[in-house]
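User: Please walk me through this model in short questions and answers. Keep the cut-offs explicit.

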Amino acid sequence: MKQVIYEIITNKALQVSVISWFVAQFLKIIITFGITKKLDFKKFISSGGMPSSHSAFACGLSTAVGLIDGFNSTNFAISLTFTLIVMYDAAGVRREAGKQAQTLNELIEIYFFPHYKPQYKLKELIGHKPTEVFVGALLGIVLATLLV
């Protein structure tokens with residue numbers, strides 16, 4: 001069991017992925033502070049926003065796998081497929097779900113308020129704009145290139 005844990009902890013591709021995610025989440029706090037002048041540590045565990053930590057994680061993984069195993073390897077092909085699905089989902093499906101949540105929140109507020117007040121609003125910021133996905137991807141690629 002110790003050997004398995006050691007191998008996971010020392011896996012370079014996994015390290016790059018986690019560091020890419022961490023840096024992206026940390027940058028969200030800094031960017032939010034630059035815009036609002038308020039420290040919001042909840043951004044560290046939130047989804048959505050600039051840059052996409054999902055894209056940074058996935059692109060960091062794919063780049064690291066490509067650098068370690070070769071860009072013509074089966075591992076890279078699997079990793080790249082995963083990365084493209086994650087990025088498409090972040091900028092497409094999850095972004096549209098966020099827009100739908102925003103519309104539903106507005107409809108409830110316009111047509112049912114003050115007679116009906118929901119216990120909570122639907123989460124609106126769950127996806128990414130294409131630029132947020134691109135910056136996250138670039139972050140993951142750069143970090144993997146520097147760390148591998």
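User: How far apart are the end C-alpha atoms of helix 5 (residues 130-147), and what span should its 18 residues give?
Analyst: This is a predicted model, in which local features need pLDDT of at least 70 and side-chain atom pairs count only at pLDDT 80 or more, while totals for chains, interfaces and linings use all residues. Residues are numbered from 1 along each chain as its sequence is written, and side-chain values use heavy atoms, with hydrogens and water left out. Helices are DSSP runs (H or I, at least four residues), numbered from the N terminus, and the expected span is 1.5 Å times one less than the number of residues. For helix 5 that rule gives 26 Å, and the end C-alpha atoms agree, at 26 Å.

User: On which side or sides of helix 5 do the buried residues sit?
Analyst: Buried means under 20% relative accessible area, exposed over 50%, and partly exposed in between (1.4 Å probe, protein chains only). In helix 5 the buried residues are Glu-132, Val-133, Gly-136, Ala-137, Leu-139, Gly-140, Leu-143 and Ala-144. Their arc, taken from the directions from the helix axis to the C-beta atoms, is only 160 degrees, which puts them on the same side of helix 5.

User: Which exposed residues does helix 5 carry on the face turned away from its buried side?
Analyst: An α-helix has 3.6 residues a turn, so residues three or four places apart point the same way. On helix 5, the face turned away from the buried side carries two exposed names: Phe-134 and Leu-146.

User: Which residues does Gly-136 touch, not counting residues up to four places away in sequence?
Analyst: Gly-136 lies in helix 5. Gly-136 counts as buried because its relative accessible area is 0%. With contact meaning heavy atoms within 4.5 Å, Gly-136 touches Pro-51, Ser-52, Ser-55 and Ala-56.

User: Which residues does UniProt list for "transmembrane region"?
Analyst: The entry is unreviewed. UniProt positions follow the numbering used here, feature names are shortened, and annotations may be inferred rather than shown by experiment. In the model, residues 18-36 are 100% helix and 0% strand, with end C-alpha atoms 27 Å apart; residues 131-147 are also 100% helix and 0% strand, with ends 24 Å apart. The listed residues are 18-36 and 131-147.

User: Which residues make up the largest nonpolar core, and which helix gives the most to this core?
Analyst: A nonpolar core is a set of buried Ala, Val, Leu, Ile, Met, Phe, Trp, Tyr and Cys residues joined through side-chain atoms within 4.5 Å. The largest has seven: Ala-13, Val-16, Leu-61, Ala-64, Val-65, Phe-76 and Ala-144. Helix 2 (12-36) and helix 3 (53-69) each supply at least two of these residues. The top contributor, with three residues, is helix 3.

User: How many of the 17 residues of helix 3 are buried?
Analyst: Helix 3 reaches 24 Å from its first C-alpha to its last, close to the 24 Å expected. Its buried residues include Ser-53, Cys-59, Leu-61, Thr-63 and Gly-66. Helix 3 is largely enclosed by the rest of the structure because its buried count is 12.

User: Which residues does Thr-63 touch, not counting residues up to four places away in sequence?
Analyst: Thr-63 lies in helix 3. Thr-63 is buried because its relative accessible area is 11%. Its partners are Phe-71, Ile-141, Ala-144 and Thr-145.

User: Are the rings of Phe-71 and Phe-76 stacked or edge-to-face?
Analyst: Rings of Phe, Tyr and Trp (its six-membered ring) pair if their centres lie within 6.5 Å; planes under 30 degrees apart count as stacked, over 60 as edge-to-face and the rest as tilted. The count comes to one aromatic pair. Phe-71 is partly exposed at 48% relative accessibility, whereas Phe-76 is buried at 14%. Their centres are 5.0 Å apart and their planes at 75 degrees, so the pair is edge-to-face.

User: Where is Lys-37 placed?
Analyst: Lys-37 has a positive phi of about 60 degrees although it is not a glycine. Lys-37 is exposed, with a relative accessible area of 60%. Its place is in the loop between helix 2 and helix 3.

User: With which residues is Leu-39 in contact, leaving aside its neighbours within four places in sequence?
Analyst: Leu-39 is also in the loop between helix 2 and helix 3. At 54% relative accessibility, Leu-39 counts as exposed. Its contacts are Ile-29 and Phe-33.
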